[in-house]
Amino acid sequence: MEVVTLGTGSPLPDPNRAGSAILVRAAGATFLVDCGRGVVMRLAAAGVLPPMLDRLLLTHLHSDHVADLNDVITTRWVMSPVELPLPVTGPPGTARVIERTLAMLADDVQYRRDHHADLGWSPSCETTEVEDGLVWERDGLRVLAAPTDHKPVHPTVGYRVEAEGKVVALAGDTVPCEGLDRLCAGADVYVQTVVRPDLVRAVPNARFNDILDYHSSCEDAGRTAARAGVDTLVLTHPVPPPAPDDEPEWIAQAAGEFSGDVVLAHDLWSITL
Ligand SMILES: [Zn+2]
Ligand SMILES: [Zn+2]
């Protein structure tokens with residue numbers, strides 16, 4: 001199994017970090033978890049074009065996790081020689097966002113269909129909404145979902161991928177909770193979006209400080225990893241964006257709670273399990 005941290009950014013623009021997106025390759029399947037800013041460029045860098053995706057999994061519908069959904073849909077559509085609906089799984093509300101995204105694309109779809117005689121179909125998705133349980137099973141690959149806690153954004157989910165005797169947990173934005181513990185139990189790799197409350201509190205901006213009540217800190221992620229007995233904790237989506245010199249501090253905060261390996265991901269890092 002391979003996990004590629006395609007985009008490790010957050011809503012805050014960062015020239016070096018694309019929006020939230022993770023690629024997982026396992027048991028012959030290729031799927032994408034979230035599709036934030038710049039995802040199609042990062043997929044291309046990883047050697048994956050949108051028609052090659054078996055499924056898109058969404059953790060939640062916050063803009064930094066779905067900003068380039070339209071680009072995934074459009075690029076899959078125009079690059080495929082045959083009609084190829086995009087399978088999408090996400091929390092309740094996903095079907096509505098897909099429907100609105102397709103509606104937003106309607107003018108472009110018409111331009112291209114009018115121009116290309118061989119493009120006899122419009123883009124489409126096969127959407128499944130999930131809150132808990134089995135999402136997808138194929139050739140020894142199992143994808144499970146469990147509820148996470150990102151309130152007031154609700155419902156939200158995380159995913160657990162099991163294949164080839166390995167397990168990866170992909171959390172999305174959440175505070176520690178029972179569903180997250182289930183996703184992470186015994187995982188080889190646990191990927192968690194994080195914020196730094198000490199640095200956020202130092203910024204005298206009420207809107208920025210609001211983010212603290214619905215994200216994991218590095219310490220939270222470390223405690224979840226320790227409780228679940230995971231091997232490697234991957235911190236991603238750091239808020240605020242760290243300067244290179246500050247990165248050891250982020251890792252140290254998590255490592256204070258967890259004795260396994262801790263990394264702070266950059267875009268396009270590949271982790272082989
Ligand atoms: Zn979020
Ligand atoms: Zn986020």
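**Close-ups of a zinc site and a helix pair**

Asp173 is buried, with a relative accessible area of just 2%. Keep in mind throughout that this is a predicted model.

**View 1. Asp173 and His60, two buried zinc donors.** Like Asp173, which is buried, His60 is tucked away: its relative accessible area is 1%. Both residues count as buried because the cut-off for that is under 20%. Both also appear among the protein donors of the zinc ion (ligand 1).

**View 2. The zinc ion (ligand 1) and its protein donors.** Here the zinc ion (ligand 1) is held by His60 through NE2, His62 through ND1, His150 through NE2 and Asp173 through OD, at 2.2 to 2.3 Å. Along the chain, these donors are spaced H-x1-H-x87-H-x22-D. The angles between the four donor atoms run from 92 to 155°, so the arrangement is irregular.

**View 3. A second zinc ion next door.** The zinc ion (ligand 2) sits 3.6 Å from the zinc ion (ligand 1), and Asp173 coordinates both. His60 comes from the loop between strand E4 (55–57) and helix H2 (63–66), while Asp173 comes from the loop between strand E10 (166–170) and helix H6 (178–184), so this pair ties together parts 113 residues apart in sequence.

**View 4. Helix H3 crossing helix H4.** The axes of H3 (residues 69–79) and H4 (residues 94–104) come within 10 Å and cross at roughly 65°. It's a right-handed crossing. H3 brings Leu69, Asn70 and Ile73 to the contact, and H4 brings Val97, Ile98, Thr101, Leu102 and Met104. Sorted by class, that makes six nonpolar residues, two polar ones and no charged ones.

Definitions and conventions. Residues are numbered from 1 along each chain as its sequence is written. Chains are lettered from A and ligands numbered from 1 in the order in which they are written. This is a predicted model: local features need pLDDT of at least 70, side-chain atom pairs count only at pLDDT 80 or more; totals for chains, interfaces and linings use all residues. Side-chain values use heavy atoms; hydrogens and water are left out. Donors are N, O and S atoms within 2.8 Å of the metal (3.2 Å for Na, K and Ca); water is not among the atoms, so sites may look incomplete. Four donors count as tetrahedral if all angles lie between 85 and 135 degrees; four count as square planar and six as octahedral if opposite donors are over 155 degrees apart and all others between 65 and 115; anything else is irregular. Helices (H or I, at least four residues) and strands (E, at least two) are DSSP runs, numbered from the N terminus. Buried means under 20% relative accessible area, exposed over 50%, partly exposed in between (1.4 Å probe, protein chains only). Axes are lines fitted to C-alpha atoms, for helices over the stretch in contact, and angles run from 0 to 180 degrees between N-to-C directions. A crossing is left-handed if the near helix is turned anticlockwise from the far one by less than a right angle, and right-handed if clockwise. Contact means heavy atoms within 4.5 Å. Ala, Val, Leu, Ile, Met, Phe, Trp, Tyr, Cys and Pro count as nonpolar, Asp, Glu, Lys and Arg as charged, and the others, Gly among them, as polar.
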